[in-house]
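Trainee: I have a new structure to go through and would like to ask about it piece by piece. Can we start once it is on the screen?

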2 protein chains.
Amino acid sequence: MKVGPDIAMIGALVGDPARANMLTALLAGQALTAGELAREAGVTAQTASSHLSRLEAGGLLTQRKQGRHRYYALSGEDVAGVLEAMMGLAARTGHTRVRTGPKEPALRRARVCYDHLAGELAVGMLEHLVARGFVIEATDALTLTPTGETFMQALGLDLPALAAARRPLCKGCLDWSVRRTHLAGALGAALLDRFYALGWARREPGTRLVSFTPRGLGAFREIFGVAPQNDAETDSGGDGETEATA
Amino acid sequence: MKVGPDIAMIGALVGDPARANMLTALLAGQALTAGELAREAGVTAQTASSHLSRLEAGGLLTQRKQGRHRYYALSGEDVAGVLEAMMGLAARTGHTRVRTGPKEPALRRARVCYDHLAGELAVGMLEHLVARGFVIEATDALTLTPTGETFMQALGLDLPALAAARRPLCKGCLDWSVRRTHLAGALGAALLDRFYALGWARREPGTRLVSFTPRGLGAFREIFGVAPQNDAETDSGGDGETEATA
DNA sequence: CGGAGCCTTCGGCGCGCATCGAAGCATTGG
DNA sequence: CCAATGCTTCGATGCGCGCCGAAGGCTCCG
């Protein structure tokens, strides 16, 4: 009985602004040091330390010592998924400023979600994969079909290696901007890596932005049939997420 | 732009044990009164009231006045989705025991709601009554038409007696399985009684379950045109907690 | 109408915890 | 060895808010 308290613990962890800022910063997928997270959250190192151990004790974060640094990262993809879902909720319930910030549109277009692609492009991609029968979308479960495997291998993915990993191959992740499922899991991560390797896109350092080159966008659209709309540039710069404001 | 604080607000709402209990209680889908939720959360009515307005202000709950009760329900499927995702997280991080409620499907199909029928069967029945012009459904108000009166009398209902009662003849009542209105009021209660009398169905003692006999289900479907799908059995007893009562 | 049930608002109490200053370990580098 | 950096622990402070008792508003019922 009493499942309430359990989810309350998760909620309470996310419920503090400082911790929420840390978590959203870590949504970018890369591990950050305690100091960076403190700055990100706008609190002192002591306070951040307290928050971080709390988050780790709660199972949301993993920690790795390296030299005199302590690197923190989300403990898993599911954490990222829940956070994204909560962002979506916050957006829908309208208690968030709908005021679109300067770099919002680009984020909405293509960004990294933990280790895979998110945003309109990602949603469109999955949509296309499903339409062509490469992926089957049941309730909450995604499966790669045999023809889908062929397709992925043609893209240059090493499927056997992916299948060998303990990690689930396909997973759905709710996208907060589009409010639709996009592809996560080992396959989602591998695809994003492939896009980088092909020179189609690259990370904007310090942000969650994924910016596609014109050539990459063209290739992406040709293969995945995602609607055009050029997002083109990203102003970059900026701090690390959370803030921005005009 | 502060996306952090937004998810922090959601988190904080879920983060309080009392509120978390309310939310998980509502996760079953059915709307509950403020009092029931107070009991569910183990707090007094005043405290619950405060929590509920907070949850409503936060956009997680919707509220509907019905008589001297105030029914609260999750504001949408996405809220339920986020809550379940959080429960999943809590389960994974090992800070909880998972409890799966395997008694739900039958309840979803047909159950008693106070004194009338609820569940898919009930929603389908009202749908049919409206489609055939026996009942007119305005916003929040249901009216029995003359042809509807004839129909009810053909079923063996004593309409004059029902009309004589102080109790409103027709009333709408929220149902969670289809998130639609089903028929309550004196007519709804009389219909359920009639089903019992006809031997179509009977209560499972100690639960809210209403189990139809095969013959009764057939007759019901013939008359009200509700989609087939045999509900077959009802498992075990279950606790019954939350709700019910008279 | 008056009484009862359901719920909300108001006021005050008290705990929890986020926060920061200062000090204590650890690691790196000279 | 000492100094510097990165992070943690300790202690104290203050605010937020969860909680309930009491009182008021609605609604239903006889």
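Trainee: How many residues surround DNA strand C, and which are the closest?

Mentor: This is a predicted model. In it, 21 residues surround DNA strand C. The closest are Gln46(A) and His51(A) from one chain, and Gly35(B), Ser49(B) and Tyr72(B) from the other.

Trainee: What share of the strand C atoms within 4 Å of the protein is sugar and phosphate?

Mentor: Sugar and phosphate make up 70% of the atoms of DNA strand C that come within 4 Å of the protein.

Trainee: Which backbone atoms of chain B lie by a phosphate oxygen?

Mentor: Two cases to look at. A backbone N or O atom of Gly35(B) lies 2.9 Å from a phosphate oxygen of DNA strand C. For Ala34(B), a backbone N or O atom is 3.3 Å from a phosphate oxygen of that strand.

Trainee: And what does the backbone of Arg68(B) lie 3.5 Å from?

Mentor: A sugar or linking oxygen of DNA strand C; the Arg68(B) atom is a backbone N or O.

Trainee: Which elements supply at least two residues each to the surface near strand C?

Mentor: From chain A, α2 and α4; from chain B, α3 (34-41), α4 (45-57) and β3 (69-74). The most comes from α4(A), with four residues.

Trainee: How does that surface divide into nonpolar, polar and charged?

Mentor: There are five nonpolar, ten polar and six charged residues on the surface near DNA strand C.

Trainee: Back to chain A. At what angle do α2 and α4 pack?

Mentor: Helix α2 (residues 17-26) and helix α4 (residues 45-57) of chain A pack at about 70 degrees, and their axes are 10 Å apart. Angles of 65 to 115 degrees count as roughly perpendicular, so α2(A) and α4(A) are roughly perpendicular to each other. Their crossing is right-handed.

Trainee: Which residues meet there?

Mentor: Ala18(A), Arg19(A), Met22(A) and Leu23(A) from α2(A) meet Ala48(A), His51(A), Leu52(A), Arg54(A) and Leu55(A) from α4(A). By class, this contact has six nonpolar, one polar and two charged residues.

Trainee: What about α3 and α4 in chain B, how far apart are their axes?

Mentor: The axes of α3(B) and α4(B) are 9 Å apart, and the angle is about 105 degrees. The two helices are therefore roughly perpendicular to each other. Ala34(B), Leu37(B) and Ala38(B) in α3(B) meet Ala45(B), Ala48(B) and Leu52(B) in α4(B). That contact has six nonpolar residues, no polar and no charged. Ala34(B) is also the residue with a backbone N or O atom 3.3 Å from a phosphate oxygen of strand C.

Trainee: Changing topic: how do α5(A) and α5(B) pack?

Mentor: Each is residues 77-92 of its chain; the angle is about 155 degrees, with axes 10 Å apart. That makes α5(A) roughly antiparallel to α5(B). The crossing is left-handed.

Trainee: Which residues meet across it?

Mentor: In α5(A) they are Asp78(A), Val79(A), Val82(A), Ala85(A), Met86(A), Leu89(A) and Arg92(A). In α5(B) they are Asp78(B), Val79(B), Val82(B), Ala85(B), Met86(B), Leu89(B) and Arg92(B). By class, the contact has ten nonpolar, no polar and four charged residues.

Technical notes
Residues are numbered from 1 along each chain as its sequence is written. Chains are lettered from A and ligands numbered from 1 in the order in which they are written. This is a predicted model: local features need pLDDT of at least 70, side-chain atom pairs count only at pLDDT 80 or more; totals for chains, interfaces and linings use all residues. Side-chain values use heavy atoms; hydrogens and water are left out. Axes are lines fitted to C-alpha atoms, for helices over the stretch in contact, and angles run from 0 to 180 degrees between N-to-C directions. Angles under 35 degrees count as roughly parallel, over 145 as roughly antiparallel, 65 to 115 as roughly perpendicular and the rest as oblique. A crossing is left-handed if the near helix is turned anticlockwise from the far one by less than a right angle, and right-handed if clockwise. Contact means heavy atoms within 4.5 Å. Ala, Val, Leu, Ile, Met, Phe, Trp, Tyr, Cys and Pro count as nonpolar, Asp, Glu, Lys and Arg as charged, and the others, Gly among them, as polar. A residue is near a molecule or strand if one of its heavy atoms lies within 4 Å of it. A polar contact is a pair of N or O atoms within 3.5 Å; within protein, one must be able to donate a hydrogen and the other to accept it, and residues adjacent in sequence count only if both atoms are side-chain atoms.
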